[in-house]
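Colleague: Shall we go through this one together before I set anything up?

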Amino acid sequence: MAAFRFAAVDNVGKESTGVLEADSARLARQLLRGRGLIPLSVDPVMSDVGARAGGLSLSRRLSQTELAVITRQLASLLGAQLPVADALTVMVEQSEKQSVRELMASIRTDVLGGTSLSKALVRHPRQFPDIYRALISAGEESGKLGSVLGSLADYVEERAKLQQKITLAFVYPAIVTFVALAVVIGLLTYVVPQVVSVFANTKQALPFLTI
């Protein structure tokens with residue numbers, strides 16, 4: 001089965017989008033009609049590798065926070081003794097973001113086709129770094145994929161926190177500088193002219209330091 005991204009409308013014209021799995025685009029359209037929807041578009045979800053060969057690519061690169069959430073969810077589901085394919089199914093159904101849902105659906109399609117999780121991730125190099133995929137492969141070979149994913153989730157979460165701290169370290173000085181400049185511009189634009197006007201109207205000399 002393959003993953004397809006669709007757009008469809010119901011009988012009252014309300015549009016809906018999402019991802020579903022089917023053996024072909026034709027069967028995907030039939031599934032949509034079975035749900036009472038009128039298909040507008042049905043396109044296969046391509047991996048990064050497939051996208052370079054032409055086709056509809058998966059969405060943007062995952063952020064560190066998104067990667068941390070995905071890893072933690074997968075570790076928890078495998079820790080509950082769910083098979084990899086079933087865990088991916090749960091993640092597809094529970095993912096709130098369209099891009100994450102499409103990514104999980106594409107990986108699940110490969111796993112259902114007999115591909116290991118690590119090899120399925122190889123098809124998405126933009127989303128999963130080399131070290132990430134290597135650790136997943138090591139976990140599969142050792143039979144401890146769940147525990148490896150747990151440790152990997154800890155690592156990715158710490159990295160995401162560090163990235164947030166670094167970003168904040170750069171953003172905070174920029175905000176302070178912007179506010180300071182805004183205050184100075186406000187003083188020079190509104191306050192100082194009014195003070196000068198007061199002194200001019202009273203025909204008094206301005207203090208030496210303000211000249």
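Colleague: Is glutamate 66 buried or exposed, and what is its relative accessible area?
Modeller: Glutamate 66 is buried; that means under 20% relative accessible area, with exposed over 50% and partly exposed in between (1.4 Å probe, protein chains only). Bear in mind that this is a predicted model, where local features need pLDDT of at least 70 and side-chain atom pairs count only at pLDDT 80 or more, while totals for chains, interfaces and linings use all residues. Residues are numbered from 1 along each chain as its sequence is written, and side-chain values use heavy atoms, without hydrogens or water. For glutamate 66, the relative accessible area is 9%.

Colleague: Which side chain does glutamate 66 meet in a salt bridge?
Modeller: A salt bridge here is a side-chain nitrogen of Lys or Arg within 4 Å of a carboxyl oxygen of Asp or Glu. For glutamate 66 the N to O distance is 2.8 Å, and its partner is partly exposed, with a relative accessible area of 44%. That partner is lysine 97.

Colleague: How many residues apart are lysine 97 and glutamate 66?
Modeller: Their salt bridge, at 2.8 Å, involves both side chains. The pair links distant parts of the chain, since glutamate 66 is in helix 3 (residues 64–79) and lysine 97 is in the loop between helix 4 (84–94) and helix 5 (98–112). Helices are DSSP runs (H or I, at least four residues), numbered from the N terminus. Lysine 97 and glutamate 66 are 31 residues apart.

Colleague: How many salt bridges does a search of the whole structure find?
Modeller: Besides the pair we just discussed, there is one between glutamate 157 and arginine 72 (2.9 Å, N to O). Another joins aspartate 130 to arginine 133, with the closest N and O atoms 2.4 Å apart. The search of the whole structure finds six.

Colleague: How far apart in sequence are the parts that glutamate 157 and arginine 72 tie together?
Modeller: The side chains of glutamate 157 and arginine 72 meet in a salt bridge of 2.9 Å. Arginine 72 is in helix 3 and glutamate 157 in helix 8 (residues 145–201), so their pairing ties together parts separated in sequence by 85 residues.

Colleague: And which helix holds both aspartate 130 and arginine 133?
Modeller: At 57% relative accessibility aspartate 130 is exposed, whereas arginine 133, at 13%, is buried. They are three residues apart, about one turn of the helix. Both lie in helix 7 (residues 130–142).

Colleague: Which residues are joined into one network by salt bridges that share partners?
Modeller: Arginine 72 is partly exposed at 28% relative accessibility. Glutamate 157 is partly exposed too, with a relative accessible area of 25%. The network of salt bridges with shared partners is made up of Arg72, Asp154 and Glu157.

Colleague: How many of the 15 residues of helix 5 are buried?
Modeller: Helix 5 is followed by glycine 114, whose phi is positive, near 100°. The helix is largely enclosed by the rest of the structure, because the buried residues number 13 of the 15.

Colleague: Which element gives the most to the lining of the largest pocket?
Modeller: A pocket is an open set of points on a 1 Å grid over the protein atoms alone, with protein on both sides within 12 Å along at least five of seven lines; its lining residues have an atom within 4 Å of a point. Among those lining the largest pocket are Glu66 and Lys97, our salt-bridged pair, along with Val100. With five residues, the top contributor is helix 3.

Colleague: How much space lies in the largest cavity?
Modeller: A cavity is a set of those grid points where a 1.4 Å probe fits but cannot get out; points join across faces, edges and corners, and volume is the space filled by probe spheres set on them. The largest cavity is lined by residues including Gln64, Tyr132 and Arg159, with helix 3, helix 7 and helix 8 each giving two or more. Helix 8 gives the most, with four. The space in the largest cavity is about 70 Å³.

Colleague: Which helices each supply at least two residues of the lining of the second largest cavity?
Modeller: The second largest cavity holds about 50 Å³ of space. Its lining includes Ile70, Met104, Leu117 and Phe128. The helices that each supply at least two lining residues are helix 3, helix 5 and helix 6 (117–122).
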